[in-house]
Amino acid sequence: MPPEVLAAVGAPVLHHRSPDFLPVYERVLTRLGDVCRTENDVLLFGSSGTGAFESAVANLVSPGEPHLVVSAGAFGERWEAMVGAFGAEVDVLRYAWGEKPDADDLRARLSGREAKAVWLVQSETSTGVVADVQALAAAATDAGALVVVDAVSSLGAIRCETDAWGLDVVVAGSQKALMCPPGLGLAAVSAAALAATGSAPRFYFDWERTRAGQQTLDAPVTLPVSLVCGLDVALGLIAEEGLDAVFERHVRLGRAARAGAKALGLELFSPDEDSSAVVTAIRTPEGCDATELVNGLRDRFGITIANGHGALKGKVFRLGHIGWFDVFDVTTQLAAVEIVLSGMGAGIERGVAVTAALEAFES
Ligand code: PLP
């Protein structure tokens, strides 16, 4: 996190209805609309991203209704379970982990089966794959379905044009590209989605209560004000850099990570394309365990990278490059991976990854 954000989070705590806090709250709601590229309400909750997603499920799903979840990784599977837990008749357009969902497949599936909403993941953090949400949303809208998008690891890193792409609900959390601690969830909600709320029981996550409260800056619950103050500063930094420049930086960071991994002689798990701008998933070399690599980086250098999720645990490792990241954060990760992997006996190419990453970043 940027030091300015940490300082704001650590400042004396404001009362959530005080004249000191209300302008901060108002600015955050406006700036979240800018980052989501929407004129719709962006509802803010004291929750993680999963909580904000649950708000969408609790407001849109009624027991017995047909819904379609597009699943190609851990988070698609989570939303399948959650939509099912609220009693929907869930159909799943399922892909193997690492595959990219296809809009034609979605069109075909929707031609044979009705769905009140289609539930999508923009950046599937478990695999590093970024879906073409614009094309998928068009297929869903043509079939008359609402479109709900998990943008937890993508909002503020890659383009998510809520209004222009016709996305009814876009969900994210504070802790990824928005450069804050965890604890705030948000949902940008269209008028059509607000009008389509269902009968599932809900209270804390009720959209209408939250929307009405936000209109007069009178949140129905005590917000985590320190996090909102941090988010205000973080959104200011994003505005200062410019959203398009932020997206461009992420594309170049992704290029750097992939070029460095390939120079080491490693095989990418994420697609080798500019859309992979959030997290780069890489296969561990034959005979090496990603858990040992992840622990090695942590114990020797204090660097946090991620293991594979689920069945990919041990076989894949993931380098993050979202939010407050520059190219030297990527080259530092690559240099440390190089040292630890070679200590594990992997036959990798030494001394070239950092140069390749820097060149790709500049390209
Ligand atoms: N969706 C995606 C794509 C994520 O990457 C994550 C967290 O990593 C989540 C949802 C869950 O968000 P949270 O952990 O904030 O509840």
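Hi everyone. Let me open with one arginine: Arg37 has a relative accessible area of 26%, which makes this residue partly exposed. Before I go on, please keep in mind that what we have here is a predicted model.

Arg37 is a good place to start, as it turns up in two stories. The opening one is its partner. Arg37 makes a salt bridge with Glu161, and the closest N and O atoms are 3.2 Å apart. What does this pair tie together? Arg37 sits in the loop between helix 2 (22-36) and strand 1 (41-45), while Glu161 sits in the loop between strand 7 (146-150) and strand 8 (169-173), so the bridge joins parts that are 124 residues apart in sequence. The two ends also sit in unlike surroundings: Glu161 is buried, at a relative accessible area of 14%, whereas Arg37 is partly exposed at 26%.

The other story is the backbone. For Arg37, phi is near 55°, a positive value in a residue other than glycine. As a reminder, most residues other than glycine have a negative phi. Met179 is another case, with a positive phi near 65°. Where is Met179? You will find Met179 in the loop between strand 8 and strand 9 (185-189). Is Met179 buried or exposed? With a relative accessibility of 8%, Met179 falls under the 20% cut-off, so Met179 counts as buried.

Back to charges. How many salt bridges does the structure hold? There are 23 of them. The general idea is familiar to this group: side chains of opposite charge can pair when their charged atoms come close. Let me pick out two more.

Asp274 and Arg258 meet through their side chains in a salt bridge, at 3.4 Å from N to O. This pair links distant parts of the chain, with Arg258 in helix 10 (243-263) and Asp274 in the loop between helix 10 and strand 10 (279-283), 16 residues apart. Arg258 is buried, with 4% relative accessibility, and Asp274 is partly exposed, with 35%. Neither one stands alone, either: which residues share a network of salt bridges with them? The network is made of Arg255, Arg258, Lys262, Asp272 and Asp274.

My last pair is Arg298 and Asp299, whose closest N and O atoms are 2.9 Å apart in a salt bridge. Here Asp299 is exposed, at a relative accessible area of 57%, and Arg298 is partly exposed at 47% relative accessibility.

Now for the pockets, which I suspect is what some of you came for. The largest pocket holds about 880 Å³ of space. Its lining is made of 33 residues, and those nearest the centre are Lys176, Thr304, Gly320, Ile322 and Phe325. Which elements give two or more residues to that lining? They are helix 3 (49-60), helix 4 (74-85), strand 12 (316-320) and helix 12 (327-343). If you sort the lining by class, you get 14 nonpolar, 14 polar and five charged residues.

The second largest pocket has about 250 Å³ of space. It is lined by 16 residues, with Gln122, Val130, Ile158, Arg159 and Ser275 nearest the centre. Helix 6 (133-142) and helix 10 each supply at least two residues of this lining, and the largest share, three residues, comes from helix 10. That is the helix we met a moment ago as the home of Arg258. By class, the lining of this second pocket has eight nonpolar, three polar and five charged residues.

Finally, the ligand. How many residues surround the ligand? The count is 13, and the closest are Ser48, Thr50, Thr125, Asp150 and Lys176. Three side chains are worth zooming in on. Ser48 places a polar side-chain atom 2.5 Å from an oxygen atom of the ligand. Thr50 has an N or O atom in its side chain that is 2.5 Å from a ligand oxygen. For Lys176, an N or O atom of the side chain is 2.6 Å from an oxygen atom of the ligand. You may remember Lys176 from earlier, as one of the residues nearest the centre of the largest pocket.

So, to wind up where I began: Arg37 carries both a positive phi and a salt bridge to Glu161. Thanks for listening, and I am happy to go back to any of these on screen.

Conventions: Residues numbered from 1 in each chain as written. Predicted model: local features only at pLDDT ≥ 70, side-chain atom pairs only at ≥ 80, totals over all residues. Heavy atoms only, no water. Salt bridge = Lys/Arg side-chain N within 4 Å of Asp/Glu carboxyl O. Helix = DSSP H or I, 4+ residues; strand = E, 2+ residues; numbered from the N terminus. Buried < 20%, exposed > 50% of the residue type's maximum accessible area, 1.4 Å probe, protein only. 1 Å grid on protein atoms, 1.4 Å probe; cavity = no way out; pocket = protein on both sides within 12 Å on 5 of 7 lines; lining within 4 Å. Points joined across faces, edges and corners; volume = space filled by probe spheres on them. Nonpolar A, V, L, I, M, F, W, Y, C, P; charged D, E, K, R; others polar. Near = heavy atom within 4 Å. Polar contact = N/O pair within 3.5 Å; in protein donor to acceptor, adjacent residues only side chain to side chain.
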